[in-house]
Amino acid sequence: MTVYLDELFLVNFLMDWLILWATGNMAQIAGKRGRLIAAAFLGACYSIAIFLPHAEWLQALPIKIGCSLGMLYIAFPFIRWRNYLKSVIYFYLISFVLGGASIAAMFLFGQYSLPTWNGVALVQIDFKLFWLIVAASLVLGVIFFLRHYLRQDIAVTPEIVTVQIFFQERQVTLRLLLDTGNHLTDPLSGQPVIVVEQSSLLPLFSPDLGNLLQETKRNATELLLMIVEREELAGCWRLIPYQAVGQRGMLLGFHPDCLILQHGEENNVYTNVIVALSEQKFSPYGTYQGLVQPELF
């Protein structure tokens, strides 16, 4: 069989670009046109390189995987491992879908065999290729039609950060939901406020204070007055007004010695953040114990 390298390069370049473009759209990762072209160019060059003399080592599975990972690294700006992993999953998912659609289209339009060489499709530019692209485009259309629902499923997966709170030589490690709707601040100092389940913070407090918070069914103002009478570090405590949908009120808050927010590979240390206590349980499954605003990052 005669293989025309120019046709092979063009077909693989177009398909690689299409897959990368679809990956960026599905994963909601912005990729610049130049980066997508460069990544598709790398993939097309690889499809040609395996035909070179003494290039059998390029046909090994680790090399193929490394090439695809390199294409993704070039195509999309690397910010966090989470985004990169998401792009890898979508890239392979879309590749498998388009691969299946390509084989189905070839059978549908009368070509009952699809010649390949080490995983590279050898398709001539003719009428059958046109219908192949049409079939692949229809598959992408179905994927993008479902994208809204897929994104909703992904969106409900909360982005969780880890926090270590230090107070009076005690500490707790908790998980917080990154809440874009939380902009709570202390009206006196202007310091940002994170809201945490009261029960999760009890290990930070003295036994007397812990019992007071658990047993007393008083509002935040009454609790603050009782704390001022009992606690040596009463100046650390304050009232935080809040307003939510259909309700408003006061939260009891305190100023920790410091806290460390771990987001991805970043560790951010803060000494100017207020922690507010809430009797509300934020996650029914205990996935996270509080809310933190993205401005802290």
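Q: Which residue in S4 is the bridge partner of Ile165?
A: Val172 in S4 is the bridge partner of Ile165. Keep in mind that this is a predicted model.

Q: How do you know that S3 and S4 pair, and in what sense?
A: Two strands pair if DSSP finds at least two bridges between them. S3 and S4 have 8 bridges, so they count as a pair. The sense of their pairing is antiparallel.

Q: What do S3 and S4 form, and how many residues are between them?
A: They form a hairpin, with 2 residues between the strands. Gln168 sits in the turn.

Q: How do you know that S3 and S8 pair?
A: The same test works here: at least two bridges are needed. S3 and S8 have 5 bridges, so they pass. Their sense is antiparallel, and Gln164 stands opposite Ile260 in S8.

Now to the loop between S3 and S4.

Q: What is the phi of Gln168, which is not a glycine?
A: Gln168 has a positive phi of about 50°. Most residues other than glycine have a negative phi. Glu169 is not a glycine either, and its phi is positive too, at about 65°. Gln168 is in the loop between S3 and S4, and Glu169 lies in that loop as well.

Q: Why does Gln168 count as partly exposed?
A: Buried means under 20% relative accessible area and exposed means over 50%, with partly exposed in between. Gln168 has 24% relative accessibility, so it counts as partly exposed.

Q: Why does Glu169 count as exposed?
A: Its relative accessibility is 85%. The cut-off for exposed is over 50%, so Glu169 belongs in that class.

Q: How do you know that Asp257 is partly exposed?
A: Asp257 has a relative accessible area of 44%, so it falls in between the two cut-offs of 20% and 50%. Asp257 is in the loop between S7 and S8.

Q: Where does the side chain of Asp257 reach Gln168?
A: It reaches the backbone nitrogen of Gln168, at 2.9 Å. A polar contact needs N or O atoms within 3.5 Å, so this distance fits. Asp257 also touches other residues far from it in the chain numbering, including Phe166, Phe167, Glu169 and Thr271.

Next, the aromatic rings.

Q: How many aromatic pairs does a search of the whole structure find?
A: The search finds 12.

Q: Why is the pair of Phe9 and Phe41 called edge-to-face?
A: Planes over 60 degrees apart count as edge-to-face. The planes of Phe9 and Phe41 are at 75°, with ring centres 5.7 Å apart, so the pair is edge-to-face. Phe9 lies in helix H1 and Phe41 in helix H2, so the pair ties together parts that are 32 residues apart in sequence. Phe9 is partly exposed at 26%, and Phe41 is partly exposed at 45%.

Q: Why is the pair of Phe167 and Phe254 called tilted?
A: Their ring planes are at 55° and their centres 4.9 Å apart. That angle is neither under 30 degrees nor over 60, so the pair is tilted. Phe167 lies in S3 and Phe254 in S7, so parts 87 residues apart in sequence are tied together. Phe167 counts as buried at 1%, and Phe254 is buried at 0%. Together with Phe205 and Trp237, these two form one aromatic cluster.

Finally, the interior.

Q: Which residues have the most contacts inside the largest nonpolar core?
A: They are Leu201, Phe205 and Trp237, in a core of 34 residues. H8 supplies the largest share, 5 residues. Leu201 touches Ile165, Val172 and Phe254, among others. Nonpolar side chains tend to be buried together in soluble globular proteins.

Q: Which residues of helix H7 are buried?
A: Leu209, Gly210, Leu212 and Leu213 are buried in H7.

Q: How do you know that the buried residues of H7 line one face of the helix?
A: Seen down the axis, they fall within an arc of 160°, so they line one face. On the other side of H7, Pro207, Asp208 and Glu215 are exposed.

Note on methods: Residues numbered from 1 in each chain as written. Predicted model: local features only at pLDDT ≥ 70, side-chain atom pairs only at ≥ 80, totals over all residues. Heavy atoms only, no water. Buried < 20%, exposed > 50% of the residue type's maximum accessible area, 1.4 Å probe, protein only. Helix = DSSP H or I, 4+ residues; strand = E, 2+ residues; numbered from the N terminus. Arc of directions from axis to C-beta. Core = buried A, V, L, I, M, F, W, Y, C linked by side-chain atoms within 4.5 Å. Contact = heavy atoms within 4.5 Å. Polar contact = N/O pair within 3.5 Å; in protein donor to acceptor, adjacent residues only side chain to side chain. Phe/Tyr/Trp six-rings, centres within 6.5 Å; stacked < 30°, edge-to-face > 60°. Lists of a residue's contacts leave out its neighbours within four places in sequence.
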